[in-house]
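Got your viewer open? Let's take a short walk through this model, one selection at a time.

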Amino acid sequence: MSTLALRHLTDAAACPRIVLKIGSSLLVDGEGQPRRAWLDSIGEEIAALRRGGQEVVVVSSGAIALGAARLGLEKGGRGNLADAQAAASVGQIALASLWSDKLGAQGLTAAQLLLTLDDLEDRRRYLNASSTLARLLENGAVPVVNENDSVATQEIRFGDNDRLAARVAQAARADAVLLLSDVDGLYDRNPREVGARLVPVVEGVDDAVRAMADGGSSSGLGSGGMVSKLQAAEIAGRAGIALAILNGTHDAPIARALSGDTGTLFLPPRRDRGRKAWLGGRLRLKGALTVDAGCAAALAQGGSLLAAGVTAIEGAFERGDAVAIRDPQGRAIAHGLVEYGTADCAALKGRRSSEHAALLGYAPRAAVVHRDHMVLL
């Protein structure tokens with residue numbers, strides 16, 4: 001993957017399966033009406049990718065914007081939760097119809113999947129979604145995925161479709177994610193500033209890269225800005241999935257961006273598989289365990305988390321829940337599935353293994369978080 005370039009993203013040998021994310025501002029105009037000519041262009045590009053031997057999953061925003069226009073709701077349907085949910089209920093029908101028509105015109109079958117955060121954070125439901133995506137692709141369909149905004153509340157929302165696209169890419173076992181945006185890619189500063197330069201390739205998202213991000217969404221229709229796109233790149237990268245930010249405002253935007261190598265390509269730093277990829281990409285955790293410096297070093301070398309190294313506990317969790325593991329400076333260094341609930345973790349914190357049986361009153365487990373159920377960040 002280190003030799004991957006933007007132009008390779010439409011090569012079936014390099015990327016046999018891709019996820020294409022399309023934001024509200026690209027799909028819907030300022031009046032809440034679908035940009036049909038642009039959608040025709042995207043439909044043709046998806047068909048071209050399919051003819052080239054690539055499988056495509058679409059993650060599409062736009063339901064709230066479409067529904068708000070039909071219901072006459074102010075602020076694009078985002079004035080409050082009730083408006084957003086009502087707009088999504090109406091708009092999702094329109095959105096599904098649009099994709100069915102545009103893909104059908106190219107001889108392709110569209111399929112709809114509506115997901116909430118819980119659907120991909122719960123392991124069993126994640127596997128069900130993965131199985132559904134696999135079966136649809138095997139049968140030649142183009143899955144069109146959106147967040148189920150008609151029922152999602154703040155507690156169970158992704159909040160933007162950039163991160164949803166990265167999680168869907170994990171579930172679909174995709175090779176790359178293409179985020180169509182209203183800018184050419186990541187700039188070294190706000191692209192409106194004089195002297196701003198496009199960053200063509202990023203090898204790992206670090207603090208310096210995060211400092212380049214502008215959190216706003218310029219259209220007013222979407223919910224994601226550059227910050228969410230960097231978070232998506234991190235999620236995808238943990239599963240060995242490349243991610244590209246491309247300018248989607250033009251006709252045939254994919255061919256235009258990739259033929260000219262115009263965009264930002266995030267190369268994945270490593271490839272976690274299966275359970276560890278799912279765990280590393282989780283967006284919601286039940287708590288956190290802070291560890292001492294010696295324990296952090298042991299984890300970095302592949303060790304399990306033992307109670308003796310735990311210095312602080314946050315949150316309310318039960319056995320099997322996902323928690324963050326933090327170093328003494330408060331930086332998240334791992335995610336893991338904890339072997340004890342909050343109360344037992346508190347009793348064992350900082351204590352040696354020889355003391356555990358007496359403290360708990362039952363035979364203890366080998367570790368607070370076993371290395372097989374942990375992924376380093």
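Before the first stop, a handy rule: the expected span of a helix is 1.5 Å times one less than its number of residues. Keep in mind, too, that you're looking at a predicted model.

**Stop 1: a helix to check with a ruler**

Select residues 161-172, which make up helix α7. With 12 residues at 1.5 Å a residue, α7 should span 16 Å, and its end C-alpha atoms sit 15 Å apart, so the two agree.

Now turn on the surface. Is α7 buried or exposed? For this, buried means under 20% relative accessible area. By that cut-off 12 of the 12 residues of α7 are buried, so the helix is largely enclosed by the rest of the structure. Click through some of them: the buried residues of α7 include Leu164, Val168 and Ala171, but also Asp162, Arg163, Arg167 and Gln170, along with Asn161.

Next, step just past the helix to Arg173, which follows α7. Arg173 has a positive phi, near 55°.

**Stop 2: a strand with two partners**

Jump to residues 287-291, strand β9. Here 5 of the 5 residues are buried, so β9 is also largely enclosed by the rest of the structure. Show the side chains and look at which way the residues point: Gly287, Leu289 and Val291 go one way, while Ala288 and Thr290 go the other.

Which strands pair with β9? Add residues 310-315 to your selection: this is β10, which pairs with β9 in the antiparallel sense over 5 bridges. To find one spot where they meet, look for Gly287, which stands opposite Gly315 in β10. Then add residues 322-326, strand β11, which pairs with β9 in the parallel sense over 4 bridges. There, Leu289 has Ile325 of β11 as its bridge partner.

**Stop 3: the largest pocket**

Last stop: select Val205, Arg210, Glu234, Arg238 and Leu377. Of the 30 residues lining the largest pocket, these are the closest to its centre. The pocket holds about 740 Å³ of space.

Which helix gives the most to this lining? Color α9 (226-238) and you have it: α9 supplies 6 residues. Other elements that each supply at least two are α8 (207-210), β8 (264-267) and β12 (332-337).

Try coloring by residue class as well: the lining has 15 nonpolar, 6 polar and 9 charged residues. Finally, color by domain, and you'll find that domain 1 (6-274) and domain 2 (282-376) each contribute at least three residues to the lining.

Terms used: Residues are numbered from 1 along each chain as its sequence is written. This is a predicted model: local features need pLDDT of at least 70, side-chain atom pairs count only at pLDDT 80 or more; totals for chains, interfaces and linings use all residues. Side-chain values use heavy atoms; hydrogens and water are left out. On a 1 Å grid over the protein atoms alone, a cavity is a set of points where a 1.4 Å probe fits but cannot get out, and a pocket is an open set with protein on both sides within 12 Å along at least five of seven lines; lining residues have an atom within 4 Å of a point. Grid points are joined across faces, edges and corners, and a volume is the space filled by probe spheres set on the points. Ala, Val, Leu, Ile, Met, Phe, Trp, Tyr, Cys and Pro count as nonpolar, Asp, Glu, Lys and Arg as charged, and the others, Gly among them, as polar. Domain bounds come from an automatic or database domain assignment. Buried means under 20% relative accessible area, exposed over 50%, partly exposed in between (1.4 Å probe, protein chains only). Two strands pair if DSSP finds at least two bridges between them.
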